[in-house]
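Grab a pencil and get the 3D view ready. These exercises take you through some helix pairs and pockets, with a worked solution after each one.

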Amino acid sequence: MSFINLTKNCTRGLSTSVARMAAIKNVTIIGGGQMGAGIAQVAAQTGHHVVVVDQSDEILGKSVAGIQKSLARVAKKKYADDPAGGESFMKTTMGQISTETDPEAAVKEADLVIEAIVENIKIKQDLFEKLDKVAPQNAIFASNTSSLPISEIAQTSQRKSKFGGLHFFNPVPVMKLVEVVRIDETSDETFNSLVAFGQAVGKTTVSCKDTPGFIVNRLLVPYLMEAVRLFDRGDASARDIDVGMKLGAGHPMGPFELIDYVGLDVTKFIMDGWHEKYPDNALFNPSPSVDKLVSEGKLGVKTGEGFYSYKK
């Protein structure tokens, strides 16, 4: 084979590979909550056709309203001197988004399906088992889970080579990171496509194997719980621990401020799951004080009280 022919073949192969990676145009997002709506917004802003799926039109109406409100903030900042440009930006972006209450109908033309529903392994498995039968053969499946094993979520799918994790952070339009998680079966093509999508929606991507909590939560959640243990022992107050970590370590929020913001129920759910799976790891031991607050319905900012009170 001549050098010219070899070059042509290599270029053709590269072009085909890039075309496959660039093929993610139609994105279906299952779950119209805060995370799903945020992912929908950044995908639509970057020219992707997005279908948001949830259980009712009422829920979807709230999702769309939330996206519009968030986009208005972006437009105000991005087009401060060009109101007409801001209106055009919002109209174009919202035009990229449609809604659907039937998940199976919503994935029939999807290049990428992102699941952002309740953190329940069985519900996620049942969802992907159903979608597996109707989604296009080349469609990639991804979960936005923050703590559950991607490999277990993928167990019911027949396309494990096209399965991975895309963990966005809240609030999605603001946070710049996406963790791209691969399981043993994830193909290089799928992984590269997920990385390319993360970058296409304006995020910095980091890659990780399917380890508990991936990178950020694997380090963050035990840190939060260690702060609670320090408090439980009476070694320091929650306020002093927060001030110490903000002024001494340069953290923008202290651990108790952060656990209240994330939600004590969310933190407890993650820790309970890890403790059940890895009972011998002391870092994953549950906290009696967190358990008590959750049992009392004191979940943090969203309920008006957690470790701190937010009631006016």
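**Exercise 1.** Are α2 and α3 oblique to each other, or roughly parallel? Work it out for this predicted model.

*Solution.*
- Step 1: Start with the idea that two packed helices are described by the angle and the distance between their axes.
- Step 2: Find the values. The axes of α2 and α3 cross at roughly 55 degrees and come within 10 Å.
- Step 3: Check the cut-offs. Under 35 degrees would count as roughly parallel, and 65 to 115 as roughly perpendicular. An angle of roughly 55 degrees fits neither, so α2 and α3 are oblique to each other.
- Step 4: Add the handedness, which is right-handed for the crossing of α2 and α3.

**Exercise 2.** Which residues make the contact between α2 and α3? Sort them by class.

*Solution.*
- Step 1: On the α2 side, pick out Ala37, Ala40, Gln41 and Gln45.
- Step 2: On the α3 side, pick out Ser63, Ile67, Ser70, Leu71 and Val74.
- Step 3: Sort them, and the contact of α2 with α3 comes to 5 nonpolar, 4 polar and no charged residues.

**Exercise 3.** Now try α9 and α10: at what angle do their axes cross?

*Solution.*
- Step 1: Locate the helices: α9 covers residues 216–232 and α10 covers residues 238–248.
- Step 2: Read the geometry. Their axes cross at roughly 135 degrees and come within 9 Å. That angle makes α9 oblique to α10.
- Step 3: The crossing of α9 and α10 is right-handed.
- Step 4: Look at who touches whom: from α9, Tyr223, Ala227, Leu230 and Phe231 meet Ala238, Ile241 and Met245 of α10. By class, this contact of α9 with α10 has 7 nonpolar, no polar and no charged residues.

**Exercise 4.** Which element gives the most to the lining of the largest pocket?

*Solution.*
- Step 1: Picture the space: the largest pocket has a volume of about 1400 Å³, and 41 residues line it.
- Step 2: List the elements that supply at least two lining residues each: α2, β6, α9, α11 and α12.
- Step 3: Pick the top contributor, which is α9 with 7 residues.
- Step 4: Sort the lining of the largest pocket: 24 nonpolar, 12 polar and 5 charged.

**Exercise 5.** How many residues line the second largest pocket, and which lie closest to its centre?

*Solution.*
- Step 1: The second largest pocket holds about 640 Å³ of space.
- Step 2: Its lining has 26 residues, with Gln41, Ser70, Pro171, Val172 and Pro173 closest to the centre.
- Step 3: Two elements, α2 and α3, give two or more residues to this lining, and α3 gives the most, with 8.

Terms used
Residues are numbered from 1 along each chain as its sequence is written. This is a predicted model: local features need pLDDT of at least 70, side-chain atom pairs count only at pLDDT 80 or more; totals for chains, interfaces and linings use all residues. Side-chain values use heavy atoms; hydrogens and water are left out. Axes are lines fitted to C-alpha atoms, for helices over the stretch in contact, and angles run from 0 to 180 degrees between N-to-C directions. Helices (H or I, at least four residues) and strands (E, at least two) are DSSP runs, numbered from the N terminus. Angles under 35 degrees count as roughly parallel, over 145 as roughly antiparallel, 65 to 115 as roughly perpendicular and the rest as oblique. A crossing is left-handed if the near helix is turned anticlockwise from the far one by less than a right angle, and right-handed if clockwise. Contact means heavy atoms within 4.5 Å. Ala, Val, Leu, Ile, Met, Phe, Trp, Tyr, Cys and Pro count as nonpolar, Asp, Glu, Lys and Arg as charged, and the others, Gly among them, as polar. On a 1 Å grid over the protein atoms alone, a cavity is a set of points where a 1.4 Å probe fits but cannot get out, and a pocket is an open set with protein on both sides within 12 Å along at least five of seven lines; lining residues have an atom within 4 Å of a point. Grid points are joined across faces, edges and corners, and a volume is the space filled by probe spheres set on the points.
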